[in-house]
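Here's a quick tour of a few side chains and the surroundings they sit in. Have the model open and follow along.

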Amino acid sequence: MDSQTQNTSLQRLQNVEKRIVRVLELAGGVMDELSNPTGPRKEFVNNHCREFMQMIKDIQVALREEIKSACDYRPFEKCDYSSRIANEICCKKLDYVVLQLDQMKQTIDDYRSSTL
């Protein structure tokens, strides 16, 4: 992920953070209105609830997009680590096979020398 992509991603996340703050303000406003001793104003509560729900949907969409974007990012895609490990494992297996062959040769040589 290049620095420009990172900056735009961080900016989008900062915008999401601002929306979350706004959502909390809306929820607080509704709570204040509901605790009003004269009773809540229906239009006020409806407007705030409508805006609250829309902002929650917007936040969900933005976060899904950011998560998808982050999942598409593969920083180690060109890394040869897995290839090197696979080669190292193969070398260890070959060392083991060579050791087994040496032991088999020794067993054959011991058998031949004992039969003579």
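What follows looks at three residues, then at ring contacts and a surface patch.

Keep in mind that this is a predicted model. Let's start with burial, since the three residues don't all land in one class.

| Residue | Helix | Relative accessible area | Class |
|---|---|---|---|
| His48 | α2 | 16% | buried |
| Leu63 | α2 | 33% | partly exposed |
| Glu33 | α1 | 6% | buried |

Why does Glu33 count as buried? Its relative accessible area is just 6%, and the cut-off for buried is under 20%. Setting aside residues up to four places away in sequence, Glu33 touches Gly39, Pro40, Arg41, Phe44 and Val45.

Two of those neighbours, Arg41 and Phe44, also have something going on between them: the charged end of Arg41 sits over the Phe44 ring, 4.8 Å from the ring's centre. How many aromatic pairs turn up in the whole structure? The search finds 0.

Now over to His48, in helix α2, which covers residues 42-72. With 16% relative accessibility, His48 is also under the 20% limit, so it goes down as buried. Leaving out residues up to four places away in sequence, its contacts are Leu26 and Val30.

Finally, the surface. Which residues make the nonpolar patch? They are Leu10, Leu13, Leu63 and Ile67, and the patch comes to about 340 Å². Helices α1 (3-34) and α2 are the elements that each give two or more residues to the patch. Leu63, one of its members, is partly exposed at 33%.

How values were computed: Residues numbered from 1 in each chain as written. Predicted model: local features only at pLDDT ≥ 70, side-chain atom pairs only at ≥ 80, totals over all residues. Heavy atoms only, no water. Helix = DSSP H or I, 4+ residues; strand = E, 2+ residues; numbered from the N terminus. Buried < 20%, exposed > 50% of the residue type's maximum accessible area, 1.4 Å probe, protein only. Contact = heavy atoms within 4.5 Å. Phe/Tyr/Trp six-rings, centres within 6.5 Å; stacked < 30°, edge-to-face > 60°. Lys NZ or Arg CZ within 6 Å of the ring centre and 35° of its normal. Patch = residues over 30% accessible without salt bridge, like charges linked within 9 Å, V, L, I, M, F, W, Y side chains within 5 Å. Areas by Shrake-Rupley, 256 points an atom, 1.4 Å probe, with all protein chains shown as cover. Salt bridge = Lys/Arg side-chain N within 4 Å of Asp/Glu carboxyl O.
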